[in-house]
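The following paragraphs lead the reader through one protein chain, from its overall form to a few individual residues. Please keep the sequence and the model in view while reading.

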Amino acid sequence: GKEAGIIDFTEDAHTIERKIRAYDPWPGTYTYADGKTFKILSADVLDEDAPGVPQGNVSAADKRGIRIQTGSGQLIPLEVQIEGKRRMAIDEFLRGYRVAEGYHFG
């Protein structure tokens, strides 16, 4: 079912990234942003943790991209889709939505 696609940010970044690839196009891999489903369609992994950042929280953000802390390592979304919109590159998404350090997905 669709619930299989919910991202569990307590898992490590590599596991999440593999799921993103395996679940494209269905059921899709998603979390929640401001109460809307937020699909992550492709991502990179950074093999280091952001000290003191809770799992599911944005550890770094600028106009080009964001990093999300996981159970081990950080997930770097590359292509995303928020509910009701088309898929877009993360930099394009971030022009329309402000996502700052400390933002929590889930």
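The model shown here is predicted. A suitable starting point is the question of which parts of the sequence touch one another: of the contacts in the chain with a separation of 6 or more, 61% are between residues 24 or more positions apart.

The secondary structure may be considered next. The chain contains two helices and six strands, and their order along the sequence is α-β-β-β-β-β-β-α. One helix therefore precedes the run of strands and the other follows it.

How does the radius of gyration agree with that of a compact globule? For 106 residues, a compact globule would have a radius near 13 Å, and the chain, with 12 Å, agrees with this. Along the principal axes, the C-alpha atoms occupy a box of roughly 35 × 30 × 20 Å. Of the 106 residues, 40% are buried. The accessible surface amounts to about 5900 Å², and carbon and sulfur atoms contribute 48% of that area.

Charged residues form the next topic. The chain carries 14 positive and 17 negative charges, and the mean positions of these two groups lie 7 Å apart. How many salt bridges are counted in the chain? The count is five, and three of these pairs are described below, each with its distance from nitrogen to oxygen.

One salt bridge joins the side chains of arginine 21 and glutamate 17, at 2.8 Å from N to O. Both residues belong to helix H1, which spans residues 13-22, and because they are four residues apart there, about one helical turn separates them. Is each partner buried or exposed? Arginine 21 is exposed, with a relative accessible area of 55%, whereas glutamate 17 has 14% and counts as buried. The cut-off explains the second label, because a residue is called buried when its relative accessible area is under 20%.

Another salt bridge links arginine 87 to glutamate 79, where the closest N and O atoms are 3.1 Å apart. Here arginine 87 is partly exposed at 38% relative accessibility, and glutamate 79 is partly exposed at 26%. A further pair consists of arginine 86 and glutamate 92, whose side chains meet at 2.4 Å, N to O. In this pair arginine 86 counts as exposed, at 51%, while glutamate 92 is partly exposed, at 27%. The label for arginine 86 follows from the cut-off, because exposed means over 50% relative accessible area.

The backbone also deserves attention. Most residues other than glycine have a negative phi, and most peptide bonds are trans. Where does the chain depart from this pattern? The peptide bond from aspartate 24 to proline 25 is cis, with omega near 5°, and proline 25 is placed in the loop between H1 and strand S1, which covers residues 30-33. A cis peptide bond also joins tryptophan 26 and proline 27, with omega about 5°. Proline 27, too, is found in the loop between H1 and S1.

The next loop, between S1 and strand S2 (36-46), holds aspartate 34. This residue is not a glycine, yet its phi is positive, near 50°. Aspartate 34 is also exposed, with a relative accessible area of 67%.

Notes. Residues numbered from 1 in each chain as written. Predicted model: local features only at pLDDT ≥ 70, side-chain atom pairs only at ≥ 80, totals over all residues. Heavy atoms only, no water. Rg over C-alpha atoms; globule rule 2.2 N^0.38 Å. Buried < 20%, exposed > 50% of the residue type's maximum accessible area, 1.4 Å probe, protein only. Contact = heavy atoms within 4.5 Å. Areas by Shrake-Rupley, 256 points an atom, 1.4 Å probe, with all protein chains shown as cover. Lys, Arg positive; Asp, Glu negative; His and termini not counted. Charge placed at Lys NZ, Arg CZ, Asp CG, Glu CD. Salt bridge = Lys/Arg side-chain N within 4 Å of Asp/Glu carboxyl O.
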